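Hi everyone, thanks for coming along. I'd like to walk you through one chain today, so please have a look at it before I start.

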Amino acid sequence: MDKVNQLPEFRVSLERVKEGEEAYPKGEDIPHYEYHGQRTKLGGSPDWIQGNEEEWPGCPHCKNKMRFTAQIDSVEHDWDSNPHRVDSLSEDQKWMFGDVGMIFVFFCFECLETISVFECG
């Protein structure tokens, strides 16, 4: 791939979430947009933007429900609380999927197949 079309690289640090905790704060007292750009995670359950549980894919081979593996957030969302924010009016913002969207990754451990689903706000 040529460097012009390559996305800026981020280092990902992994930390196992303790039982009962979540990868990032959620709740009625936290505005839904407060953690946009910081919702990337591995495992757990998808944090659907549109609430589309019916988008959960089945494996194209065995037809079993696939396992949720990861979600990748719009890392550079231009919000004050986001440490990776990039001015949304600049051409420097590269990690924005639609309107602060997210890519959800699913995997079939039997067939070794992967599917991604995209949603935006």
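**A walk through the chain**

Let me begin with contacts: of those in the chain that link residues at least 6 apart in sequence, 58% join residues at least 24 apart. Please keep in mind that what you see is a predicted model.

Now the overall layout. The chain has 4 strands and 0 helices, so to speak in order from the N terminus the elements read β-β-β-β. Along the principal axes, the C-alpha atoms fill a box of roughly 45 × 45 × 25 Å. The chain has 121 residues, and 27% of them are buried. Its accessible surface is about 8700 Å², with 50% of that belonging to carbon and sulfur atoms.

On to the interior. Which residues make up the largest nonpolar core? There are 9 residues in all: W48, C59, M66, F68, M102, F104, F106, C108 and V117. Strand β3, residues 102–108, gives the most to this core, with 4 residues. As general background, nonpolar side chains in soluble globular proteins tend to be buried together.

Let me stay with one member of that core, F68. Setting aside residues up to four places away in sequence, F68 touches K41, G43, G44, S45, P46, W56, F104, V105 and F106. Two of those names, F104 and F106, you have just heard as core residues.

Next, the pockets. In general, rolling a probe the size of a water molecule over the atoms shows where empty space is left. Here the largest pocket holds about 1000 Å³ of space. Its lining consists of 28 residues, and those nearest the centre are V12, S13, L14, T40 and K41. You may recall K41 from the contacts of F68. Strands β1 (41–42) and β2 (67–73) each supply at least two residues of this lining, and the largest share, 3 residues, comes from β2. Sorted by class, the lining of the largest pocket has 12 nonpolar, 8 polar and 8 charged residues.

The second largest pocket has about 290 Å³ of space. It is lined by 18 residues, with Y24, P31, H32, H36 and R39 nearest its centre. By class, that lining divides into 9 nonpolar, 4 polar and 5 charged residues.

Now for the loop between β2 and β3, where W95 lies. Is W95 buried or exposed? W95 counts as buried because its relative accessible area is 16%, and the cut-off for buried is under 20%. Leaving out neighbours within four places in sequence, W95 is in contact with L7, P8, F10, I72, S74, V75 and E76. W95 and V117 are 22 residues apart along the chain, and their C-alpha atoms are separated by 17 Å.

Finally, some backbone angles. Most residues other than glycine have a negative phi. V100 has a positive phi, near 55 degrees, and is not a glycine. V100 also sits in the loop between β2 and β3, and at 10% relative accessibility V100 counts as buried. L112 is another non-glycine residue with a positive phi, about 60 degrees. You will find L112 in the loop between β3 and β4 (113–119). With a relative accessible area of 62%, L112 is exposed. So we have two positive phi values, with V100 buried and L112 exposed.

That's my tour, and I'm happy to go back to any part of it.

Terms used. Residues are numbered from 1 along each chain as its sequence is written. This is a predicted model: local features need pLDDT of at least 70, side-chain atom pairs count only at pLDDT 80 or more; totals for chains, interfaces and linings use all residues. Side-chain values use heavy atoms; hydrogens and water are left out. On a 1 Å grid over the protein atoms alone, a cavity is a set of points where a 1.4 Å probe fits but cannot get out, and a pocket is an open set with protein on both sides within 12 Å along at least five of seven lines; lining residues have an atom within 4 Å of a point. Grid points are joined across faces, edges and corners, and a volume is the space filled by probe spheres set on the points. Ala, Val, Leu, Ile, Met, Phe, Trp, Tyr, Cys and Pro count as nonpolar, Asp, Glu, Lys and Arg as charged, and the others, Gly among them, as polar. A nonpolar core is a set of buried Ala, Val, Leu, Ile, Met, Phe, Trp, Tyr and Cys residues joined through side-chain atoms within 4.5 Å. Buried means under 20% relative accessible area, exposed over 50%, partly exposed in between (1.4 Å probe, protein chains only). Contact means heavy atoms within 4.5 Å. Accessible areas come from the Shrake-Rupley method with a 1.4 Å probe; for residues, only the protein chains shown count as cover.
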